Each structure stands twice: as structure tokens, then as C-alpha cells.
Amino acid sequence: GSLPDLSKPYTGEYTLKKLTLGGEDFTDKFESVKLKLGYDGKFVLSYKEKEGQTGSYAGEYAVLTEREEITFSAKAGLRSVKRTFPMKDGSILIDLNMGARLLHAEFAFPE
């Protein structure tokens, strides 16, 4: 593989920079949202709301460096869910349709 494939420079902990749902900003509703990409191909998304509620999701991921894409896969009950998102300038950009509204999230390495 290529050097990025071997060194995996995208591994580490990303923090939420922006979160909108249907154009409404939800970023400040969370104390923290972190996305950790492990060297082993596993991810953990953890969050803490301002009210103190916490939670996390885990699964596996794969990065196609030549296409600047990341694919997350995780179990959702009895089924498996797989989604692919773009990676731009070291950030992960997530867009999902939630009913009639668009969820948009941006994760980046802390500055």
C-alpha cells in the first residue's frame, strides 16, 4: 500500500466542530462530542450533553485515501449499517437525511 495507508495519519481523536439539523445549530447543546479512529480500524463516537447525559456508539471504519472517503459500519439492532462520507482537509463531513431534515456534522482534529 501507499505511505498514508501504512502510517494511517487519519487515526486519532476528532472533535465536533459543527452540528446542524434542518439548518438549526445544535452544536452548543453538547459539552463534547468526540470521534476516535483507532489504528485497528475501530471507531468510537462518544458524547456528553450539556445536561450531563452521555452515550457512545462503536463500530469499524475504513478509509480510501485516494478517494478521500471514510466508511463507517456498525450494528443497529439485528442489522448492520454502513455509510460513506467525504474527508476534506483533515476533517470528516457527515450528511444524513433524518426524516425530512438534513443532519450535518463536521469533525476535525483539535487545534
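**Entry 1: strand 1 and strand 2**

I began at Thr 20, which stands opposite Asp 25 in strand 2. The model I am reading is a predicted one. I then looked up how strand 1 and strand 2 are joined: two bridges link them, and they run antiparallel. Strand 2 covers residues 24-25. The two strands form a hairpin with two residues between them, and there I noted that Gly 22 takes a positive phi near 60°.

**Entry 2: the other partners of strand 1**

I next followed strand 1, residues 12-21, to its pairing with strand 3. Strand 3 spans residues 30-37, runs antiparallel to strand 1 and is joined to it by four bridges. I also traced the pairing with strand 9, residues 101-108, which is antiparallel and extends over six bridges.

**Entry 3: Thr 15**

Which residues stand opposite Thr 15 in strand 3 and in strand 9? In strand 3 I found Lys 34, and in strand 9 I found Ala 108. Thr 15 itself belongs to strand 1.

I then listed the contacts of Thr 15, leaving aside its neighbours within four places in sequence. Val 33 and Lys 34 are among them, as are Glu 106, Phe 107, Ala 108 and Pro 110. Lys 34 thus appears in my notes both as a contact of Thr 15 and as the residue opposite Thr 15 in strand 3. Ala 108 likewise is a contact and stands opposite Thr 15 in strand 9.

Is Thr 15 buried or exposed? I recorded a relative accessibility of 17% for Thr 15, so the residue counts as buried, the cut-off for that class being under 20%.

**Entry 4: positive phi outside glycine**

I turned to residues other than glycine with a positive phi. Glu 68 has a phi near 50° and is one such residue. I located Glu 68 in the loop between strand 5 (54-64) and strand 6 (69-76). Its relative accessible area is 44%, and I therefore entered Glu 68 as partly exposed.

Asp 89 is not a glycine either, and its phi is positive at about 50°. Where does Asp 89 lie? I placed Asp 89 in the loop between strand 7 (79-88) and strand 8 (91-98). Asp 89 counts as exposed because its relative accessibility is 81%, and the exposed class begins over 50%.

Methods: Residues are numbered from 1 along each chain as its sequence is written. This is a predicted model: local features need pLDDT of at least 70, side-chain atom pairs count only at pLDDT 80 or more; totals for chains, interfaces and linings use all residues. Side-chain values use heavy atoms; hydrogens and water are left out. Buried means under 20% relative accessible area, exposed over 50%, partly exposed in between (1.4 Å probe, protein chains only). Contact means heavy atoms within 4.5 Å. Two strands pair if DSSP finds at least two bridges between them.
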